[in-house]
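Subject: Structure handover and findings

Dear colleague,

I am passing on the structure below, followed by a description of what was found in it. Please read the cut-offs given along the way as part of each statement.

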Amino acid sequence: MSRETERERWQRNFADLLQELRVAQTGVQILFAFLLTLPFSSGFPDTTAFQRDIYVVALLAAAAAAAMIISPVAFHRVLFRQGRKPELVRFAHRMASGGLGFMLVAMVSSVLLVTDFILPRTVGFVLSGITGLWFLTFWAALPFVHRGWLRDDDEDDDEGTASGDAAGHQTSARHP
């Protein structure tokens, strides 16, 4: 079995990250598009000041999420063929994480907006809180608890605890 080089690992990490961003990007774009059309719907004038404030939070969070999730593409265009894949992967990882954080805010705010419009405010807060906990469970708690879950100690993993250099020496590799 051949081991991948450090360059190949960075390339694979970047390709994997782009696949993940495609999924997140679609979700945030759909939510953002929905939020952009909402003020033009017939029921929007019936919203309260609180609901309009929540709408603005959801809209701005969705915009921030879209910007952060799409930003690795622009970063890649600027760094294209400059041999700076490690820098690009680290940046893309940070932007994806930040984008998911803003997406969480946008989703929970959107749930609060809709539930507050159709249900009593207390129920809206409870359902929004449950929604936030649900997202945090699947996006943070479970991945954190299971980050070493299926790890094979004999193989180099995506975290890159060590890799060999051209001379066969062990070098520390820092990955996102």
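Arg121 counts as partly exposed at 36% relative accessibility, where partly exposed lies between buried (under 20% relative accessible area) and exposed (over 50%), with a 1.4 Å probe and protein chains only. Its partner is Asp116, with which Arg121 forms a salt bridge whose closest N and O atoms are 2.8 Å apart; the term stands for a side-chain nitrogen of Lys or Arg within 4 Å of a carboxyl oxygen of Asp or Glu. Asp116, by contrast with partly exposed Arg121, is buried, with a relative accessible area of 7%. A search of the whole structure finds one salt bridge.

Before going on, please note that this is a predicted model, in which local features need pLDDT of at least 70 and side-chain atom pairs count only at pLDDT 80 or more, whereas totals for chains, interfaces and linings use all residues. Residues are numbered from 1 along each chain as its sequence is written, and side-chain values use heavy atoms, with hydrogens and water left out.

As for the overall layout, the protein chain has four helices and two strands, which follow one another from the N terminus as α-α-α-α-β-β; helices (H or I, at least four residues) and strands (E, at least two) are DSSP runs, numbered from the N terminus. Of the 176 residues of the protein chain, 31% count as buried. The accessible surface of the chain comes to about 11,300 Å², and 64% of this belongs to carbon and sulfur atoms, the areas coming from the Shrake-Rupley method with a 1.4 Å probe and, for residues, with only the protein chains shown counting as cover. Among the contacts in the chain with a separation of 6 or more, 65% are between residues 24 or more positions apart, where contact means heavy atoms within 4.5 Å.

Helix H1 covers residues 6–37, that is, 32 residues, and reaches 46 Å from its first C-alpha to its last, close to the 46 Å expected at 1.5 Å a residue; the expected span is 1.5 Å times one less than the number of residues in the helix. The buried residues of H1 include Leu17, Leu21, Ala24 and Val28, and these four names return in the contacts described next.

Which residues does Ile69 contact, leaving aside its neighbours within four places in sequence? They are Leu21, Ala24, Gln25, Val28, Gly99 and Met103. Ile69 has its place in helix H2, residues 49–79, and is buried, with a relative accessible area of 3%; its C-alpha lies 8.6 Å from that of Arg22, although the two are 47 residues apart in sequence. Ala66, also found in helix H2, is buried with a relative accessible area of 10%, and Ala66 and Met103, 37 residues apart in sequence, are 8.2 Å apart in space, C-alpha to C-alpha. In helix H3, Ala92 counts as buried at 1% relative accessibility and touches Leu17 and Pro72, not counting residues up to four places away in sequence.

Returning to the region of the salt bridge, Gln51 of helix H2 counts as buried at 4% relative accessibility and, with residues up to four places away in sequence not counted, touches Asp46, Leu113, Asp116 and Phe117. Thr115, found in helix H3, is buried at 9% relative accessibility; its side chain reaches the backbone oxygen of Val111 at 2.7 Å, and, under the usual exclusion of residues up to four places away, Thr115 touches Gly124, Leu127 and Ser128.

Finally, there is a nonpolar patch on the surface, formed by Val114, Phe117, Ile118, Leu119, Val123, Val126, Leu127 and Ile130, with about 660 Å² of accessible area together. Patches are made of residues with over 30% relative accessible area and no salt bridge, like charges being joined within 9 Å and nonpolar side chains (Val, Leu, Ile, Met, Phe, Trp, Tyr) within 5 Å. Helix H3 (85–118) and helix H4 (121–145) each supply at least two residues of the patch, and H4 gives the most, with four. Val114, which lies in helix H3, is partly exposed, with a relative accessible area of 39%.

With best regards

How values were computed
Polar contact = N/O pair within 3.5 Å; in protein donor to acceptor, adjacent residues only side chain to side chain.
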